Amino acid sequence: MFIREITLDDASDFVTLVKLVEKESEFMLFGAGERKITPEQQLNRIEIMKKQENSTIFVAENDLSVLVGYMVVIGGFANKSKHSVSLAVGVLRQYSGQGIGTMIGQLLYIRKWDSKLKEQRGIHFF
């Protein structure tokens, strides 16, 4: 399993992954077929997120380089909420229970915000 930040080249595969996860899961915000997003729209969203310091998407690839899980990290926009993020995690049913969500969460902490958080007060993970 390989965890990394999303690239622009992943847009189409990411849309497919999200739609599959939403079809398989009862716990996602959108249900099967509710999300109406094209690969082009997702590409635009990835481009926007790449410009934001507090937002990103991490993806998990299996040994065949197929996307099997993700964590969407959306940071606050207002000055008083830029330090907070909302998370959406999804893993294909076939790969659930293998620690993929945990691995992505650890990478999020280590790669993106560890050095910034150490200098701030009042940081809590729930």
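This is a chat about the salt bridges, core and sheet of a predicted model.

Biologist: Hi! Let's start with charges. How many salt bridges are there?

Modeller: Hello! The count comes to three salt bridges in this predicted model.

Biologist: Which residues are linked in a network of salt bridges?

Modeller: Arg4, Asp10 and Glu61 are linked that way. Arginine 4 and aspartate 10 form a salt bridge whose closest N and O atoms are 2.6 Å apart. Arginine 4 also meets the side chain of glutamate 61 in a salt bridge, at 2.8 Å from N to O. That second pair links distant parts of the chain, with glutamate 61 in strand β2 (residues 56–61) and arginine 4 in strand β1 (residues 2–5), 57 residues apart.

Biologist: Nice. Are aspartate 10 and arginine 4 buried or exposed?

Modeller: Both aspartate 10 and arginine 4 are buried.

Biologist: And why does arginine 4 count as buried?

Modeller: Arginine 4 has 13% relative accessibility, and buried means under 20%, so arginine 4 falls in that class. Glutamate 61 is buried too, with a relative accessible area of 12%.

Biologist: Okay, what does arginine 35 form a salt bridge with?

Modeller: Its partner is glutamate 22, and the closest N and O atoms of the two are 2.6 Å apart. Arginine 35 sits in the loop between α1 (11–24) and α2 (39–51), while glutamate 22 is in helix α1, 13 residues apart.

Biologist: How do they do on burial: is glutamate 22 buried or exposed?

Modeller: Glutamate 22 is buried, at 2% relative accessibility. Arginine 35, on the other hand, is partly exposed, with a relative accessible area of 24%.

Biologist: Switching to rings. How many aromatic pairs does a search of the whole structure find?

Modeller: The search finds one aromatic pair. The partners are phenylalanine 14 and tyrosine 70, in an edge-to-face arrangement with 5.3 Å centre to centre and 80° between the planes.

Biologist: Which elements do phenylalanine 14 and tyrosine 70 lie in?

Modeller: Phenylalanine 14 lies in helix α1 and tyrosine 70 in strand β3 (residues 67–75), so the pair ties together parts that are 56 residues apart in sequence. Phenylalanine 14 counts as buried at 3% relative accessibility, and tyrosine 70 counts as buried at 2%.

Biologist: What else is tyrosine 70 in contact with, leaving aside neighbours within four places in sequence?

Modeller: Apart from Phe14, the contacts of tyrosine 70 include Leu17, Val18, Val21, Met28, Phe58, Val59, Ala88, Val89, Gly90 and Ile104.

Biologist: That leads to the core. How many residues does the largest nonpolar core have?

Modeller: The largest nonpolar core has 26 residues, and those with the most contacts inside it are Phe14, Leu17, Ile57, Val59, Tyr70, Ile100 and Ile104. At least two residues of this core come from each of α1, α2, β2, β3 and α3 (100–117).

Biologist: Which element gives the largest share?

Modeller: That is β3, with six residues of this core.

Biologist: I'm also curious about isoleucine 3. Where is isoleucine 3 found?

Modeller: Isoleucine 3 is found in strand β1. With a relative accessible area of 12%, isoleucine 3 is buried. Not counting residues up to four places away in sequence, isoleucine 3 touches Val59, Ala60, Ile100, Met103, Ile104 and Leu107. The C-alpha atoms of isoleucine 3 and alanine 60 are separated by 4.5 Å, although these residues are 57 apart along the chain.

Biologist: Last topic, the sheet. What order do the strands have?

Modeller: This open sheet of four strands has the order β1-β2-β3-β4, with antiparallel pairing. The edge strands are β1 and β4 (85–91), and each pairs on one side only. From one strand to the next, the twist averages 15°.

Biologist: How many bridges join β3 to β4?

Modeller: Seven bridges join these antiparallel strands, β3 and β4. Methionine 71 stands opposite valine 89 in β4.

Biologist: And the helices: which strands does α1 touch?

Modeller: α1 packs on the sheet and touches β2, β3 and β4, its direction making about 95° with that of β3. α2 packs on the sheet as well, touching β1, β2 and β3, and its direction makes about 115° with that of β2.

Biologist: Lovely, thanks!

Conventions: Residues numbered from 1 in each chain as written. Predicted model: local features only at pLDDT ≥ 70, side-chain atom pairs only at ≥ 80, totals over all residues. Heavy atoms only, no water. Salt bridge = Lys/Arg side-chain N within 4 Å of Asp/Glu carboxyl O. Buried < 20%, exposed > 50% of the residue type's maximum accessible area, 1.4 Å probe, protein only. Phe/Tyr/Trp six-rings, centres within 6.5 Å; stacked < 30°, edge-to-face > 60°. Core = buried A, V, L, I, M, F, W, Y, C linked by side-chain atoms within 4.5 Å. Contact = heavy atoms within 4.5 Å. Pairing = 2+ DSSP bridges. Axes fitted to C-alpha atoms, helices over the stretch in contact; angles between N-to-C directions.
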